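Below are my notes on the model you sent, set out as numbered points. I begin with the ligand and its surroundings, and then turn to the sheets and to a few single residues.

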Amino acid sequence: MKVINVVGARPNFMKMAPIIEAMDARRDHFRHVLVHTGQHYDERMSRAFFDDLGMPKPDIDLEIGSGSHAEQTGKIMIEFERVCRQEAPDLVVVVGDVNSTLACTVTAKKLGIRVAHVEAGLRSRDMSMPEEINRLCTDVLCDYLFTTDALASENLRNEGIAEGRIHFVGNVMIDTLMKHRALAERRELIGSWGLRPGEYATLTLHRPSNVDDPQVFRGILDALAEIARDLPIVFPIHPRTRKMAQEFGFAGYFSDGSPVRNIWLTEPLGYLDFLHLNMNARLVLTDSGGLQEETTVLGVPCITLRHNTERPITCMQGTNQLAGNQPSEILDAAKRVLRGDWQGGRIPEKWDGRAAERIVEALAALP
Ligand code: UD1
């Protein structure tokens, strides 16, 4: 079976790495080509992850870069169509919910190529999120839908998707976490800043709903500055967040090199350093999707700065709680963590490091 595996943006790389490894273990059955759309292109948003995860270099890089949603999606479709015609794969594998996921799915399906979606069925029910539109459109088109939990499988059934297309396999991102955990433990990043395990918080922030509106963004920063009076906050900043902060004149909150108001700003970190940071944090504040799952497995309290989540299992079984993006809600959640008033958690079913193997077994059994 000839497969094109697609990656595009940072959260794709750690999902695809174990799938490539599992396909390599079945060389008798799979020949695969890795296509990078180039949606993310900075060294720290892309290449650093290939190095940390030991992933092969992409065979083909479409070098699409940034743009409006339509521009980015359209450019990927044009270039990916050319690649599909040239490579003539039997199957395309896409992961996650970024623009590259949707663009490559639509393109392949229109050429009559089968497509598998890894991390299918997640729903936030929030149509103002570009990712929710990508998830819905991708799932309706894909032939094989690999889900991380039973709730995601149920979402697909409720949308009328036939049982035969749905495969509950577990979480490939957790495969990667488990494989790299010991290595990440040995990093020395936090010590080099004079911080100690359990005595700081980690923050990530990049959703348009949090950083595109100056009032909302400022409110979040004020709440963070308040939390940081008790607990230093380490903030690896996403390029779009840095761009918005500069545009809104929030320089007073940010300074590279030395902390401002106990907030330690860094460039985006590689996979191992970031895992090291999170596994040792007292708590994590985030609007990311994947980090809600990683903190659940690490057993670290996660305060999600959103009103909804496409990953409700992390709230039901894990250490995640939704706090929204109002300063009082964020402060209240942080205080509860600090006084020990937070739920513990357990690891969801099949988040056991073997999801990619299950996916590859299922694909190998296809007619
Ligand atoms: C994308 C995904 C989002 C994911 C996030 C993780 C979509 C719709 N969004 O959002 O689901 O959570 O990645 O990072 O696919 N930029 C750089 N360097 C880069 C990449 C981006 O400077 O390597 C800057 C550019 O100014 C760009 C902006 O970030 O305009 C936004 O990048 P884009 O890829 O459009 O979306 P993200 O916000 O990163």
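1. A word on terms comes before the ligand: a polar contact is a pair of N or O atoms within 3.5 Å. The model is a predicted one, and the distances below should be read with that in mind. A backbone N or O atom of Tyr41 lies 2.9 Å from an oxygen atom of the ligand, and this pair falls under the cut-off of 3.5 Å. Two side chains also reach ligand oxygen atoms: a polar atom of the Glu131 side chain is 2.5 Å from one, and a polar atom of the Arg240 side chain is 3.1 Å from one. Of the 750 Å² of accessible area that the ligand has on its own, the protein covers 87%.

2. Which residues are the closest to the ligand? The shell around the ligand counts 18 residues, and the closest are Gln39, His40, Asn99, Glu131 and Arg240. By class, the shell holds 8 polar residues, 5 nonpolar residues and 5 charged ones. Helices α3 (69-87) and α11 (239-248) each supply at least two residues of this shell, and α11 gives the most, with 3 residues.

3. Why can the ligand be said to lie between the two domains? Domain 1 is made of the segments 2-171 and 351-364, while domain 2 spans 185-338. Because both domains give residues to the shell around the ligand, the ligand lies between them.

4. One open sheet has 7 strands, in the order β3-β2-β1-β4-β5-β6-β7, and the pairing is parallel. At its edges stand β3 (60-61) and β7 (166-168), each of which has a single partner strand, so one side of each is left without a neighbour in the sheet. Within this sheet, β5 (residues 114-120) and β6 (residues 144-147) run parallel and are joined by 4 bridges, with Ala120 standing opposite Thr147 of β6. As a general point, the strands of a sheet pair through backbone hydrogen bonds, either parallel or antiparallel.

5. Further parallel pairings involve β8 to β12, and I take β11 as the starting point. Strand β8 (residues 201-204) runs parallel to β11 and is joined to it by 4 bridges, and Thr202 stands opposite Val284 in β11. Strand β11 also pairs with β12 in the parallel sense, over 3 bridges, and here Thr286 stands opposite Thr304 in β12. Both faces of β11 (residues 283-286) are covered, since Leu283 and Leu285 on one side and Val284 and Thr286 on the other are all buried.

6. A comparable description can be given for β10 (residues 263-266), where Ile263 and Leu265 on one side and Trp264 and Thr266 on the other are all buried, leaving both faces covered. Strand β9 (residues 233-236) runs parallel to β10, with 4 bridges between the two, and Ile233 stands opposite Ile263 in β10.

7. Two residues that are not glycine have a positive phi, and both deserve a look at the backbone. Ala88, in the loop between α3 and β4 (91-95), has a phi of about 45°; at 53% relative accessibility Ala88 counts as exposed, because the limit for that class is over 50%. Lys350, in the loop between α15 (327-338) and α16 (355-364), has a phi of about 65°, and Lys350 is partly exposed, with a relative accessible area of 27%.

8. Is Asp273, in helix α12 (residues 271-279), buried or exposed? Asp273 counts as buried, because its relative accessibility is 18% and buried means under 20%. The side chain of Asp273 makes a polar contact of 2.9 Å with the side chain of Arg187.

9. The last point concerns Thr309, which is placed in the loop between β12 (302-304) and α14 (313-316). Despite its place in a loop, Thr309 is buried, with a relative accessible area of 9%. Thr309 and His40 are 269 residues apart along the chain, and their C-alpha atoms are separated by 23 Å; His40 is one of the residues closest to the ligand.

Conventions:
Residues numbered from 1 in each chain as written. Predicted model: local features only at pLDDT ≥ 70, side-chain atom pairs only at ≥ 80, totals over all residues. Heavy atoms only, no water. Near = heavy atom within 4 Å. Polar contact = N/O pair within 3.5 Å; in protein donor to acceptor, adjacent residues only side chain to side chain. Areas by Shrake-Rupley, 256 points an atom, 1.4 Å probe, with all protein chains shown as cover. Nonpolar A, V, L, I, M, F, W, Y, C, P; charged D, E, K, R; others polar. Domains from an automatic or database assignment. Buried < 20%, exposed > 50% of the residue type's maximum accessible area, 1.4 Å probe, protein only. Pairing = 2+ DSSP bridges.
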